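Work through the following exercises with the sequence and the model in view. Try each task before reading the solution below it.

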Amino acid sequence: MSDERDEPRVPRDDPPRLLHDELPEEHEDPLIGWLHRIIRVGVKALAVLMVFVILWGIFDVVYVLYQELASPPFLLLEVGDIFRLFGAFMVVLIAIEIFINIRLYLGTNVLPIQLVVATALMAIARKVIVLDISTVSAEYVLSIAAVVLALGVTHWLVARKH
């Protein structure tokens with residue numbers, strides 16, 4: 001009797017990945033290497049600033065929640081208030097996703113395409129969640145639908161490649 005574990009495993013060819021070296025640490029041209037280091041310092045500065053934006057956003061969410069709960073009728077939220085709070089929460093979550101993009105970029109020198117597309121999907125989802133259908137045109141809604149569809153298909157295709 002043949003056991004599957006006894007058979008040698010044939011290595012599978014992994015599918016091609018959508019990874020490329022954005023800012024290599026070393027470059028054959030010293031000027032390009034120096035410029036890459038400058039850009040990496042700038043990206044680190046952006047990471048620090050993004051942390052401040054995230055903290056500011058958290059304080060803003062707390063402040064907005066306090067204002068909504070402290071205004072009459074006390075401790076009650078209307079549907080519009082809840083949607084404004086959802087929007088504030090989503091903005092902070094999007095900022096966190098952007099920070100993660102920056103951190104991954106710094107850690108690997110590779111632009112994380114799938115995460116960037118997922119962040120864009122989250123941003124457009126925020127737009128859909130807080131959309132007041134009574135104040136926008138049909139063309140606007142169709143445009144958002146097209147963006148959601150395009151980003152969804154892109155995310156699916158990129159995820160299939162990985």
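**Exercise 1.** Leaving aside its neighbours within four places in sequence, which residues is H27 in contact with?

*Solution.* Before starting, note that this is a predicted model, in which local features need pLDDT of at least 70 and side-chain atom pairs count only at pLDDT 80 or more, while totals for chains, interfaces and linings use all residues. Residues are numbered from 1 along each chain as its sequence is written, and side-chain values use heavy atoms, with hydrogens and water left out.

Begin with the place of the residue: H27 lies in the segment before α1, where helices (H or I, at least four residues) and strands (E, at least two) are DSSP runs numbered from the N terminus. Next, apply the rule that contact means heavy atoms within 4.5 Å; with neighbours within four places in sequence set aside, H27 is in contact with I32, G33 and H36. Finally, consider accessibility, for which buried means under 20% relative accessible area, exposed over 50%, and partly exposed in between (1.4 Å probe, protein chains only). At 29% relative accessibility, H27 counts as partly exposed.

**Exercise 2.** Describe the elements of the chain and how its contacts are spread along the sequence.

*Solution.* The chain has four helices and zero strands, so that from the N terminus on its elements run α-α-α-α. Of the 162 residues of the chain, 21% count as buried. Among the contacts in the chain with a separation of 6 or more, 65% come from residues 24 or more positions apart.

**Exercise 3.** Determine how α1 and α2 are arranged.

*Solution.* Take the axes first, which are lines fitted to C-alpha atoms, for helices over the stretch in contact, with angles that run from 0 to 180 degrees between N-to-C directions. The axes of helix α1 (residues 30–70) and helix α2 (residues 79–108) come within 9 Å and cross at roughly 165°. Now compare this with the classes: angles under 35 degrees count as roughly parallel, over 145 as roughly antiparallel, 65 to 115 as roughly perpendicular and the rest as oblique. The two helices α1 and α2 are therefore roughly antiparallel to each other. By class, their contact has 21 nonpolar, one polar and five charged residues, where Ala, Val, Leu, Ile, Met, Phe, Trp, Tyr, Cys and Pro count as nonpolar, Asp, Glu, Lys and Arg as charged, and the others, Gly among them, as polar.

**Exercise 4.** Examine the loop between α1 and α2 for unusual backbone features.

*Solution.* P73 is placed in the loop between α1 and α2, and a cis peptide bond with omega of about -5° joins P72 and P73. L75 also has its place in the loop between α1 and α2. Phi of L75 is near 60°, which is a positive value in a residue other than glycine. With a relative accessible area of 67%, L75 is exposed.

**Exercise 5.** Find the aromatic pair and describe its geometry.

*Solution.* A pair of aromatic rings is described by the distance of the centres and the angle of the planes. Rings of Phe, Tyr and Trp (its six-membered ring) pair if their centres lie within 6.5 Å, and planes under 30 degrees apart count as stacked, over 60 as edge-to-face and the rest as tilted. By this rule the count comes to one aromatic pair. F83 and F86 form this pair, which is edge-to-face, at 6.2 Å centre to centre and with 85° between the planes. Because they are three residues apart in helix α2, F83 and F86 are separated by about one helical turn. F83 is partly exposed at 36% relative accessibility, and F86 is partly exposed with a relative accessible area of 40%.

**Exercise 6.** Follow α2 to its contact with α3, and then α3 to α4.

*Solution.* The axes of α2 and α3 come within 9 Å and cross at roughly 170°, and α2 and α3 are therefore roughly antiparallel to each other. The residues of α2 that make this contact include F83, F86 and N101, while those of α3 include L115, V116 and T119.

One of them, N101, is buried, with a relative accessible area of 12%. Not counting residues up to four places away in sequence, N101 touches P112, L115, V116 and T119.

Helix α3 (residues 113–129) and helix α4 (residues 138–161) pack at an angle of about 155°, with their axes 9 Å apart. That makes α3 roughly antiparallel to α4.
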